[in-house]
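Visitor: I have a few "how do you know" questions about this one. Could you put it up and walk me through the calls?

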Amino acid sequence: MQHIRFPVMELKEAYDIEHMRSTQSIDHELWPLDEIDPKKAKFPCCLVWTPLPIVSWLAPFIGHVGICREDGAILDFSGSNFVNADDFAFGAVARYLQLDRTQCCFATNLGGHTCKSGYKHAEFGTAITWDDALRSSSRYFEHKTYNLFTCNCHSFVANCLNRIFYGGSMSWNMINVAGLVLLKGQWVDAMSVVRSFLPFLLVLSLGVFMVGWPFLVALLSFSLLLLVWFLLGNYCFKTLLEC
């Protein structure tokens, strides 16, 4: 019985052709994005943040977050059974962070994965494009009850990031989503900084003037309690904040 042997050159050419086709397919899916345009509230593939009334006045590190489609439209979980589209709740965007789609795992088909956690990713829920992931998460949260302390806008964004396996991780939660935006996000303009911190500084100054230093202690205690609650809920007692 004779063995058929293919020339090395032919095998290499066939591999190069398949690799080129695969690369072209990926490049076609990740088409260039439009420019970020804060005036039109268009932030393609960005995480966006804005301060919350009253809550951010007491704890400025807490705010409202959303995630944007490839066309720049903002999606945010802003109420029970409701995902807002292209109308960011609680005001204009103050901070934004554009994410890199090449750090996502988009399955080429329902069973195909490029990430290291293929089975876990498929079980959680996968997507073939960025917008497909956002649609799936939106449908999921349209059946969820909003709660500032257990199931909120950060939960929605974390679900989206886990669905696309962003940064090679499926461990996104309220804490690291908030940290990502607050530590790496860019301010839209100087006025965004003012409206994010001025109310807090006014409340702080007025409280200390009228009540004294006990007000400062109470305010710091409130912020610390919130931080401890979210840390414990996300890392120690995950069932508390399952959404």
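Guide: Let's start with Arg95, whose bridge partner in S6 is Trp187. Keep in mind that this is a predicted model.

Visitor: What makes S5 and S6 a pair of strands?

Guide: Two strands pair if there are at least two bridges between them. S5 (residues 95–98) and S6 (residues 186–187) have 2 bridges, in the antiparallel sense, so they pair.

Visitor: And how do you know that S1 and S5 pair?

Guide: Here there are 4 bridges, again antiparallel, and at least two are needed, so S1 and S5 pair as well. Within that pairing, Val48 sits opposite Tyr96 of S5.

Visitor: Over to the cysteines. Why is the Cys151 and Cys243 pair called a disulfide?

Guide: Their sulfur atoms are 1.6 Å apart. The cut-off is within 2.5 Å, so the pair counts as a disulfide. The link joins distant parts of the chain, 92 residues apart: Cys151 is in the loop between helix H4 (130–141) and helix H5 (153–163), while Cys243 is in the segment after helix H8 (213–235). The structure holds 1 disulfide.

Visitor: Why is Cys151 called buried, and why is Cys243 called partly exposed?

Guide: Buried means under 20% relative accessible area, and Cys151 has 5%, so Cys151 is buried. Cys243 comes in at 22%, which falls between the 20% and 50% limits, so Cys243 is partly exposed.

Visitor: What about Cys46: why no bond to Cys68?

Guide: Cys68 has the closest cysteine sulfur, but that is 5.7 Å from the sulfur of Cys46. A disulfide needs the sulfur atoms within 2.5 Å, so this is too far for a bond. Cys46 is buried too, because its relative accessibility is 0% and the limit is under 20%.

Visitor: How do you know that Cys104 is in no disulfide?

Guide: The nearest cysteine sulfur belongs to Cys45 and is 7.8 Å away. Set that against the 2.5 Å cut-off and Cys104 is therefore in no disulfide. At 12% relative accessibility, Cys104 is under 20%, so call Cys104 buried.

Visitor: Last one: what makes Pro32 buried or exposed?

Guide: Its relative accessible area is 74%, and exposed means over 50%, so Pro32 is exposed. Pro32 lies in the loop between helix H1 (8–29) and strand S1 (46–51).

Visitor: How far is Pro32 from Glu70?

Guide: Their C-alpha atoms are separated by 9.3 Å, with the two residues 38 apart along the chain.

Methods
Residues are numbered from 1 along each chain as its sequence is written. This is a predicted model: local features need pLDDT of at least 70, side-chain atom pairs count only at pLDDT 80 or more; totals for chains, interfaces and linings use all residues. Side-chain values use heavy atoms; hydrogens and water are left out. Buried means under 20% relative accessible area, exposed over 50%, partly exposed in between (1.4 Å probe, protein chains only).
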